[in-house]
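User: I should like to go through this model in a series of questions. Please give the reasoning for each reply and finish on the value or name requested.

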Amino acid sequence: MNLTADPATAAPSRTAPALVVEGLTKRFGTRTAFENVSFSVNHGEVFGFLGPNGAGKTTTVRTLGTLIAPTSGHATVAGLPLIPQNGVEIRRRIAIMPEAPGLYLRLSVAENLSYFAGLYELTDGPARIERALRAVNLLDRADELCRSLSKGLRQRVGLARALLSDPTVLFLDEPTSGLDPVAAGTVHDLIDALRNRGVTIFLTTHRLAEAERLCDRVAIMNTTLRLVGTPDELREQLFSKRLEIRTREPLADPERVLAGLAGVESWHRADDGAYVLAVADPGLVAPDAARALVAAGADVLSLSPSQYSLEDVYLRLIDTDVEAQNR
Ligand SMILES: Nc1ncnc2c1ncn2[C@@H]1O[C@H](COP(=O)(O)OP(=O)(O)OP(=O)(O)O)[C@@H](O)[C@H]1O
Ligand SMILES: [Mg+2]
């Protein structure tokens with residue numbers, strides 16, 4: 001989609017990051033919503049922002065979206081320093097889809113979008129509305145009252161609304177919250193399509209599989225930023241690598257077979273009977289392990305590197321936080 005910006009909103013530089021956040025803090029009175037948060041997001045990246053309830057995700061979105069001012073720290077949003085004088089220009093370059101889409105239920109889909117197009121002072125409203133509706137596959141529902149739409153469809157109207165202004169940076173605050181797997185899948189496809197068009201997406205979510213599927217990098221946050229990286233990088237930082245071996249019968253002398261292998265740091269037998277080897281490089285150890293097992297007369301059922309999910313990473317980090325809080 002290329003909802004061309006008018007000259008006053010000329011596209012920001014593509015070389016600088018889409019978002020730069022440095023030591024950003026937001027307090028409400030004595031309550032700290034987030035503290036000393038620093039990260040950057042590249043153009044065209046889908047950046048996931050994960051954290052438990054109350055972690056400060058929505059407040060971060062509202063701060064970067066110029067809806068509230070930070071208490072301290074610096075940020076650049078869509079190429080512009082986050083300062084009050086730049087509020088209007090930043091808002092021209094970004095869009096926020098909040099947790100609740102905020103539609104007028106007694107107006108039709110098209111009337112809602114037309115109202116918001118007017119609010120954004122878009123000159124070519126009808127054409128933009130049509131493109132936004134097409135992007136979310138809702139052209140045929142344009143005349144329906146929003147009241148009569150299901151939650152998933154309302155969410156898509158909310159996304160169409162966010163697309164009206166052709167944002168370079170799109171903030172999506174839990175866009176699939178409360179949606180069934182099929183409706184959530186539709187939103188995922190839309191996010192993929194936006195990424196393919198070069199839109200930078202800042203996505204908060206509680207669905208870790210969603211973050212794993214969609215995000216180039218994720219940040220895990222709990223008032224302070226805990227980790228940032230690709231899901232693979234986070235797995236590597238938090239978990240040692242493992243090779244998991246399953247045999248038809250238990251090994252007669254596992255210590256002799258497994259501990260003698262080059263590259264094996266330790267091994268243990270899991271509750272489900274698998275032999276779990278801590279290794280530096282599963283790809284190097286696996287062929288030797290297969291040979292040693294066969295030589296020992298074992299029937300090998302499987303031999304594979306353990307896969308940790310983003311959920312494992314998240315839970316380990318957040319559990320550590322809870323433990324720290326309880327100390
Ligand atoms: N306007 C406000 N006034 C006072 N405290 C606020 C305000 N907005 C947010 N907070 C507090 O800031 C903290 C972070 O809230 P925030 O809504 O950013 O969390 P979140 O990560 O989006 O959580 P959730 O996953 O539940 O949506 C919470 O303790 C919240 O109560
Ligand atoms: Mg929130």
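User: Which residues of helix α4 (residues 125–135) are buried, and on which side of α4 do they lie?

Analyst: In this predicted model, the buried residues of α4 are Arg128, Ile129, Ala132 and Leu133. Around the helix axis they cover an arc of only 130 degrees, so they lie on the same side of α4. The elements covering these buried residues include α3 (109–119) and α5 (151–163). The residues asked for are therefore Arg128, Ile129, Ala132 and Leu133, on the same side of α4.

User: Which exposed residues does the face of α4 turned away from its buried side carry?

Analyst: The buried side of α4 is formed by Arg128, Ile129, Ala132 and Leu133. The face turned away from that side carries the exposed residues Pro126, Ala127 and Arg134.

User: Is asparagine 137 buried, exposed or partly exposed?

Analyst: Asparagine 137 follows α4 and is found in the loop between α4 and α5. Its phi is near 65 degrees, a positive value in a residue other than glycine. Asparagine 137 has 14 C-beta neighbours inside 10 Å, and because residues count as buried from 20 and as exposed at 12 or fewer, the class is partly exposed.

User: Is threonine 66 buried or exposed?

Analyst: Threonine 66 has its place in the loop between α1 and β4 (72–77). Although threonine 66 is not a glycine, its phi is positive, at about 65 degrees. Because 21 other C-beta atoms lie within 10 Å of threonine 66, this residue is buried.

User: Which element gives the largest share of the shell around ligand 1?

Analyst: Ligand 1 is surrounded by Phe28, Arg31, Ala33, Gly51, Asn53, Gly54, Ala55, Gly56, Lys57, Thr58 and Thr59. Two or more of these residues come from each of β2 (31–41) and α1 (57–64). The largest share, three residues, comes from α1.

User: How many residues of the shell around ligand 1 are nonpolar, polar and charged?

Analyst: The shell includes Phe28, Gly51 and Lys57. When its residues are divided by class, the result is three nonpolar, six polar and two charged.

User: Which residues have the most contacts inside the largest nonpolar core?

Analyst: The largest nonpolar core has 69 residues. Phenylalanine 171 touches Val61, Leu64, Gly65, Ile94, Ile96, Met97 and Phe202, not counting residues up to four places away in sequence. Apart from this core lies another of twelve residues, among them Leu243, Val257, Trp267 and Tyr275. Inside the largest core, the residues with the most contacts are Phe171, Ile201 and Phe202.

User: How far apart do the C-alpha centres of domain 1 and domain 2 lie?

Analyst: The chain is divided into domain 1 (7–230) and domain 2 (240–305). The distance between their C-alpha centres is 46 Å.

User: Is aspartate 299 buried or exposed, and which residues does it touch?

Analyst: Aspartate 299 lies in the loop between α10 (282–295) and β14 (300–305). With 10 C-beta neighbours inside 10 Å, aspartate 299 counts as exposed. Its C-alpha atom is separated by 9.4 Å from that of leucine 251, which is 48 residues apart from it along the chain. Not counting residues up to four places away in sequence, aspartate 299 touches Thr247, Arg248 and Glu249.

How values were computed. Residues numbered from 1 in each chain as written. Chains lettered and ligands numbered in written order. Predicted model: local features only at pLDDT ≥ 70, side-chain atom pairs only at ≥ 80, totals over all residues. Helix = DSSP H or I, 4+ residues; strand = E, 2+ residues; numbered from the N terminus. Arc of directions from axis to C-beta. Contact = placed C-beta atoms within 7 Å. Near = placed C-beta within 6 Å. Nonpolar A, V, L, I, M, F, W, Y, C, P; charged D, E, K, R; others polar. Core = buried A, V, L, I, M, F, W, Y, C linked by C-beta atoms within 7 Å. Domains from an automatic or database assignment.
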